[in-house]
Each structure stands twice: as structure tokens, then as C-alpha cells.
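Trainee: Got a minute to go through this one with me? I'd like to start with the backbone and then move on to other things.

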Amino acid sequence: MNAPQFSNSLEEKIAHLYSLRTGDGRVTEGFRPNYLKLLKTLGDPYLHLPPTIHVAGTNGKGSTIAFLRAMLEAAGYKVHVYTSPHLIRFNERVTLAGQEILDAPLEVLIDEVMRLNASAPITFFEFVTALAFTAFVRTPADIVLLETGMGGRLDCTNVIPAPLASIITPISFDHMEFLGDTLKAIAVEKAGIMKSGSLCVTSTQDKSVRDVLKTAADATNSVIYCHNGDWCVDAHGSNMTLRIGSDEFTYPRPNLVGPHQIINAGTAIACLKLQNQFTVSEAQITAGLQNAHWPARLERIKRGALYGALPDTWQLWYDGGHNEAGALMLAAQADIWKKQDDLPLHLIIAMKHTKDVKAFIGHLAPYAASITIAEYDDFYTYDELAPILEEVAQCPVSRFETADKFVGNHCKSKDGRVLLCGSLYFNNMKNIL
């Protein structure tokens, strides 16, 4: 079969990538041959990457990488970053030496990888990962920060042979149809990024998960440092204190909002202190804590249709968390807000059919003055979601229609707070953002 021909439009080429097969959802016993063949055709770029920190987990991967990147860049290093999904532009997935990949080289790479793949069946994530690896070896940098897509053991990124370090952020229930329906099963998949003799830093974990990770570390001869065992971090006032063994370090709180960001920041710092190839000073760590940026994770929003319609005294926040662990983090921040100023909290929620709505909203509902359902392609509709929410919520539940109608219905007090939550796709909803 001949390779397909594409128009000159980058948008159309990216749209074609989304049409690539997504796989059948099963965890198998090896990387798919077509993916390995494509990597081989590209010169096996994953074998020639700069030193790499590989990050897996359910929640906190992106924030932890954001802290690592900010600290390393404060120290003057050039950093490649691979993350997913993107929020607004596909280019966000691939950062080359500190800069988001530009349209022109991205288009050239898409054409090249598509031509070399020669129409062989391949998934979207396999294609994009091969593209990212290729971009990384063609642009000089000091280090790669590499985020898994979903699992770990058979994630496309896990072809790398020996990372500088691996990080496993908190593991909880998500993507069970792919990874298993118990924490232990999910942990086994995430633990698959550990490599023989490599450093692994783990964040806060359930005891059953911690046991799985320690067993995996023993099996791979990895050097593992576990949170609340080998290292810990605590917040107090405007500062946070990190302890690794008998060593203690104090820093200002990170600029990313929420108690969970203390853990994510501590995980990043612990990893940098335990690896031995890159020097990052205390001042550079502090600068990274203050400058890290990771959008749609308890981000204060000052753009879009809804922000423009809100009264000036109201706040708009956005968090893309969509599983129970993410809801627990949001509930912890909602509790802080309640004690801080007790402003009415109005939730706007959108969720995919694959998510456990009841588990998510159950933690947030006690803090909600209202819940409004935003509808989107292949998401729960109002008619599907409202009965579920009404079982756990003691507040009005309505459908989002327009920004002006939302404000007219809910923003009657002098000031208040609106939280968009349940999905990373709000950026695609033009009537909201």
C-alpha cells in the first residue's frame, strides 16, 4: 500500500493522526512490532537520547515534570520535555531545549514519520512518541523529561533502556479498562518503568502500592526512595521542609496551588538531589519552585467567555483532574478555601463516559453551592449525568448553556468562586474558555 498523501495544512495532518488506530485496550506481552519497526527505520532514536528522567503514575506526573523543568532551567540546562495530552495546541506535547516545537519542523517530522511508516497500522501515541524521540536526538539538549502516556511497563516511552532516574507519582484508579481493576495490578504496570540498577523516587502511595513498588525494585535491582520512608516533605506556614535521610532542606511553598503540589514539588527536589549527573543549587531549586508553570491544574483563569461574563469580584479556577484521587486533591483545596474566606463555590463539570462520576463528585459535592453540567463530544450529557449528581449532591444541578445565563443564574452574591473540573477538554469548549 502506498503512503497517503496529505495537504499542506498542518491542522489536517494532525487531524489525520487522531484517526490512527487506538489499539484494542488489552495489555499484551511486548511492544507492538510495527512500532519497533518504525523506530528502527528512524534510526532507533530512543537509544541516543540525553540522560532521561522517566515519570509514571496516575496523578501529578505533569506537575512534577513542570517543577523538574523549572529547576533544571534555572540551573542553565537545556531541557527536552514530552508530555500528554495537550490543552490547546498539539505542539505542547514536544518541548525542544526549552521551546515548544514550531509548526514548520513539526510538519516536516509528521511527513517524514508518516512516509517511513508506510501506512503500517500504528496508534496515535506510538506515532507521536516516535516523532518526539526523533526530534529529541536532532536538537541538542542536556536532559529529557519523559512522561508515560498511561501505564508504564508497555507504554511506548518505556523502550528507553536505562534512565538517569524514574519517578512514580501517586497511583490510584484510572484507565482500569487498560491497566487492571485493582491498585496492585495498576501498580505493577506503572512499576514497569524501573530499570536494572537505576534510581527510582516514589511519591506518596497506598501501602499495597508501596509494597508492589518495593518488590519491583528488588526484582530489577533498582535503588528506590519511597515517600514517608526514605524521604518526606511537609508544609508549614509559607514554607515547606524536605527531609532525605538525616538531611533537611527548607524552601518557600511552590507557586502551583494546592496541598498536593507540596508532594509533587518534594518529589521533584528529592529526585534532583538523589541523582548524580546534574548540579542544581538551593537558589535554583527555589527559583524553580517559584517559576514552575503547569496549566489547568488548579489554575486561576483570566481568559475566555465565562471569565469575561463573571463579575470583577469573582474568581475562575480550572483543574483538569478527572479521577477520584484528583477529586480528593480538589476537595482538600476546597476545604482550605472554605476556611480561608467561605466564598460560595460553584462547580462546572464535564466528564467522559469512561470516568467514575460518582466517585469524583462525591468528594467535592459537600463544598458546592451549585453544580452545572457542560456537554461536549462523547461526554456525559446533562440527561445522563444529572441523575447521578443529584444522588450525591445537596445543591442545584443544571445544564451549562451560555456564560451569561450561568452568571445570571448563579452569580448573585457580591463575590464567589467558580471551578471548572472533571476534564482537560474545557479549552475546546469555546462558550466557556
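Mentor: Sure. Keep in mind that this is a predicted model. Let's begin with Asn221, which sits in the loop between helix 8 (207-220) and strand 8 (223-226).

Trainee: OK, what about the phi of Asn221?

Mentor: Phi there is positive, about 55°, even though Asn221 is not a glycine. Most residues other than glycine have a negative phi.

Trainee: And is Asn221 buried or exposed?

Mentor: Asn221 counts as exposed, because its relative accessibility is 57% and the cut-off for exposed is over 50%.

Trainee: Which residue should I look at next for a positive phi?

Mentor: Try Asp378, a non-glycine residue with phi near 60°. You'll find Asp378 in the loop between strand 15 (368-373) and helix 14 (382-392). At 68% relative accessibility, Asp378 is exposed.

Trainee: Switching to peptide bonds: is the one from Ser84 to Pro85 cis or trans?

Mentor: That bond is cis, with omega near -5°. Most peptide bonds are trans.

Trainee: Where is Pro85, then?

Mentor: Pro85 belongs to the loop between strand 2 (79-82) and strand 3 (94-96).

Trainee: New topic, charges. What's the nearest side chain of opposite charge to Arg297?

Mentor: That would be Glu147, 6.2 Å away. Arg297 is buried and has no salt bridge; a salt bridge would need a nitrogen-to-oxygen distance within 4 Å.

Trainee: So which backbone oxygen does the Arg297 side chain reach?

Mentor: The one on Pro295, at 2.8 Å.

Trainee: And where does Arg297 sit, and what is it in contact with?

Mentor: Arg297 lies in the loop between helix 10 (282-291) and strand 12 (299-300). Setting aside neighbours within four places in sequence, Arg297 is in contact with Ser63, Leu87, Gln261, Tyr318, Asp319 and Leu424.

Trainee: Last thing, pockets. What volume does the second largest pocket have?

Mentor: About 530 Å³. Its lining comes from 28 residues, and those nearest the centre are Arg69, Glu92, His293, Trp294 and Pro295.

Trainee: Which elements give two or more residues to that lining?

Mentor: Helix 3 (61-74) and strand 4 (99-100) do.

Trainee: How many residues come from helix 3?

Mentor: Six, and helix 3 gives the most to the lining of the second largest pocket. Notice Pro295 as well: that residue is among those nearest the pocket centre, and its backbone oxygen is the one the Arg297 side chain reaches.

Definitions and conventions. Residues numbered from 1 in each chain as written. Predicted model: local features only at pLDDT ≥ 70, side-chain atom pairs only at ≥ 80, totals over all residues. Heavy atoms only, no water. Helix = DSSP H or I, 4+ residues; strand = E, 2+ residues; numbered from the N terminus. Buried < 20%, exposed > 50% of the residue type's maximum accessible area, 1.4 Å probe, protein only. Lys, Arg positive; Asp, Glu negative; His and termini not counted. Polar contact = N/O pair within 3.5 Å; in protein donor to acceptor, adjacent residues only side chain to side chain. Contact = heavy atoms within 4.5 Å. 1 Å grid on protein atoms, 1.4 Å probe; cavity = no way out; pocket = protein on both sides within 12 Å on 5 of 7 lines; lining within 4 Å. Points joined across faces, edges and corners; volume = space filled by probe spheres on them.
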